[in-house]
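Biologist: Please take a close look at one part of this model for me. I would like the strands at its centre of interest, and what packs around them, in one connected account.

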Amino acid sequence: DIPCVSLLYKLDRLKPAESSTYTPSSTYNDKIALLRNDITKLEVDSIVNAANNSLLGGGGVDGAIHRAAGPELYDECELLDGCVTGSAKITKGYRLPAKHVIHAVGPVYQSTKRQGKHTSLLQGCYRTSLELAVDNKLKSIAFSALSTGVYGYPSDEAAETAIGEVRKFLDSGKGDSLERIVFCNFTEKDEKAYFDMIPKFFPPD
Ligand code: ADP
């Protein structure tokens with residue numbers, strides 16, 4: 001019972017859908033996709049996990065990724081010595097259809113907002129994840145909606161930061177080697193936020 005109002009790409013091979021309710025900009029038409037699905041099902045070069053500082057698993061999408069990837073993922077994560085908030089580290093994907101997992105540690109909204117750091121920390125997650133994908137010669141990356149679950153980030157604000165940072169990265173030319181950047185939402189509220197926000201950063205012609 002998941003109405004995919006904004007499915008730009010079919011899930012199977014992430015090919016362009018025959019019909020889409022949303023017309024993306026021609027500039028990045030072939031790069032940006034919005035999906036509503038379980039990120040552990042995506043056959044892409046990398047998926048971005050909403051991890052915590054320990055990188056040793058948790059609830060939400062983190063738990064789903066560790067369950068689907070198998071215990072080898074935990075073993076590799078144990079060697080990473082955690083990760084600071086606003087950054088990310090990469091591992092292999094093990095039993096996932098995705099080749100790699102990029103573990104990004106998003107900010108807890110309330111506490112970081114009080115310090116005025118929430119936006120720059122969330123931007124750091126998206127920027128570092130994109131850099132890791134490029135540095136590892138990966139062609140596709142699918143983001144979960146970092147910090148919008150237990151960490152309490154409002155969906156519309158998170159979508160604005162996420163999409164804005166991706167746009168900035170592409171405009172800098174650093175993302176030229178990336179073929180597809182997927183925003184993989186799970187909830188209707190996140191999907192709606194992305195659906196409203198994508199045209200602001202990637203306007204249709
Ligand atoms: P955080 O602690 O960073 O808020 P959560 O895992 O609680 O992380 O939530 C991050 C986002 O991941 C939420 O929008 C949640 O709906 C979404 N999510 C949960 N499970 C999945 C999944 N299997 N695939 C994709 N997204 C998921």
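Modeller: What follows is a walk through one strand, its partners, and the parts that adjoin them.

The model is predicted. The chain has six helices and six strands. Their order from the N terminus is β-β-α-α-β-β-α-α-β-α-β-α. Of the 205 residues in the chain, 48% are buried. Take the contacts between residues at least 6 apart in sequence: 70% of them join residues at least 24 apart.

Start with β4. Six of its six residues are buried. His100, Ile102 and Ala104 point one way from β4. Val101, His103 and Val105 point the other way. Side chains in a regular strand alternate between the two faces of the sheet. In β4, both sets are buried.

β4 has two pairings to follow. One is with β3, in the antiparallel sense, over five bridges. Thr91 has Val101 of β4 as its bridge partner. Ile90 stands opposite Ile102 in β4. Strand β3 covers residues 88-92. Four of its five residues are buried, so β3 is largely enclosed by the rest of the structure.

The other pairing is with β2. Six bridges join β2 to β4, and the two run parallel. Here the bridge partner of Asn49 is His103 in β4.

The loop between β3 and β4 holds Tyr94. Its phi is positive, about 50°, although Tyr94 is not a glycine. Most residues other than glycine have a negative phi. Is Tyr94 buried or exposed? Tyr94 is buried, because 20 other C-beta atoms lie within 10 Å and the cut-off for burial is 20 or more.

Compare the loop on the other side of β3. Asp81 is found in the loop between α2 and β3. Asp81 also has a positive phi, near 65°, and is a residue other than glycine. Its surroundings are sparse by count: Asp81 has 9 other C-beta atoms within 10 Å, so it is exposed. The cut-off for exposed is 12 or fewer.

Glu78 is found in helix α2. Glu78 has 12 other C-beta atoms within 10 Å, which means it is exposed. Glu78 and Pro199 are 121 residues apart in sequence. From C-alpha to C-alpha, Glu78 and Pro199 are 40 Å apart in space.

Now to α1, residues 60-69. Its buried residues are Val61, Asp62, Ile65, His66, Ala68 and Ala69. They cover an arc of only 165° around the axis, so they sit on the same side of α1. What do these buried residues pack against? Their packing partners are β2 (46-51), α2 (71-78) and β4 (100-105). Both β2 and β4, the parallel pair described above, are thus listed among the partners of α1. Just after α1, Gly70 takes a positive phi of about 90°.

Helix α1 also matters for the ligand shell. It supplies four residues, the largest share of the shell around the ligand. There are 21 residues around the ligand. Those that come nearest are Ala50, Gly60, Gly149, Tyr151 and Phe186. By class, the shell has ten nonpolar, eight polar and three charged residues.

Go back to β2 and move along to β5. β2 and β5 pair in the parallel sense over three bridges. Ser46 stands opposite Ile141 in β5. Strand β5 covers residues 140-143. Both of its faces are covered. Ser140 and Ala142 are buried on one side, and Ile141 and Phe143 are buried on the other.

β5 also pairs with strand β6, residues 180-185. This pairing is parallel too, over four bridges. Ser140 has Arg180 in β6 as its bridge partner. A helix links into this part: β5, helix α5 (residues 155-171) and β6 make a right-handed β-α-β unit.

To put the pairings in order, begin at β3. β3 pairs with β4 in the antiparallel sense. β4 and β2 run parallel. β2 pairs with β5 in the parallel sense. β5 pairs with β6 in the parallel sense. Against this, α1 packs its buried residues on β2 and β4, as well as on α2.

Notes: Residues are numbered from 1 along each chain as its sequence is written. This is a predicted model: local features need pLDDT of at least 70, side-chain atom pairs count only at pLDDT 80 or more; totals for chains, interfaces and linings use all residues. A residue is near a molecule or strand if its C-beta atom, placed from the backbone, lies within 6 Å of it. Ala, Val, Leu, Ile, Met, Phe, Trp, Tyr, Cys and Pro count as nonpolar, Asp, Glu, Lys and Arg as charged, and the others, Gly among them, as polar. The arc is that of the directions from the helix axis to the C-beta atoms. Two residues are in contact if their C-beta atoms, placed from the backbone, lie within 7 Å. Two strands pair if DSSP finds at least two bridges between them. A crossover is right-handed if, with the strands pointing away from the viewer, the path from the first strand over the helix to the second runs clockwise.
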